Amino acid sequence: MSNAETAADLLDTAGETFAAEAGITLEDKPAPLYRLLVLAVLLSSRVQAKLGTRACRELVADRWKVD
């Protein structure tokens with residue numbers, strides 16, 4: 001099984017990624033990558049994953065721009 005097939009199977013089983021839950025559209029541009037970094041920092045603290053993704057989703061929803 002290839003890495004792509006494994007990733008697809010995991011997404012089918014588990015649902016969406018933390019980035020998708022947080023409303024981050026992944027692109028090779030500075031702003032989405034910075035948002036992903038902030039999400040990673042939020043998720044690395046001792047909070048529940050849902051709380052970290054919700055906090056990041058609110059930042060993105062409030063048109064938080066880093067362009």
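Start with the whole chain: buried residues make up 16% of its 67 residues. Keep in mind that this is a predicted model.

**Whole chain, cartoon view**

Colour by secondary structure. You will find four helices and zero strands. Trace the chain from the N terminus, and the elements run α-α-α-α. Now orient along the principal axes. The C-alpha atoms fill a box of roughly 40 × 30 × 20 Å.

**Contacts**

Next, show contacts between residues with a separation of 6 or more. Of these, 46% are accounted for by residues 24 or more positions apart.

**Surface**

Switch to a surface view. The chain exposes about 5,100 Å². Carbon and sulfur atoms supply 57% of that area.

**Charges**

Select the charged side chains. There are 8 positive and 10 negative ones. How far apart do the centres of the two sets lie? The distance is 10 Å.

**Helix H3 and Leu36**

Select residues 30–44. This is helix H3, and Leu36 is found in it. Zoom in on Leu36. Is Leu36 buried, partly exposed or exposed? Its relative accessible area is 31%, so Leu36 counts as partly exposed. The cut-offs behind that call are under 20% for buried and over 50% for exposed.

**The nonpolar patch**

Keep Leu36 selected and add Leu26 and Leu33. Together, these three leucines form a nonpolar patch on the surface. Their accessible area comes to about 260 Å² together. A patch member needs over 30% relative accessible area, and Leu36 has 31%.

Note on methods: Residues numbered from 1 in each chain as written. Predicted model: local features only at pLDDT ≥ 70, side-chain atom pairs only at ≥ 80, totals over all residues. Heavy atoms only, no water. Patch = residues over 30% accessible without salt bridge, like charges linked within 9 Å, V, L, I, M, F, W, Y side chains within 5 Å. Areas by Shrake-Rupley, 256 points an atom, 1.4 Å probe, with all protein chains shown as cover. Salt bridge = Lys/Arg side-chain N within 4 Å of Asp/Glu carboxyl O. Helix = DSSP H or I, 4+ residues; strand = E, 2+ residues; numbered from the N terminus. Buried < 20%, exposed > 50% of the residue type's maximum accessible area, 1.4 Å probe, protein only. Contact = heavy atoms within 4.5 Å. Lys, Arg positive; Asp, Glu negative; His and termini not counted. Charge placed at Lys NZ, Arg CZ, Asp CG, Glu CD.
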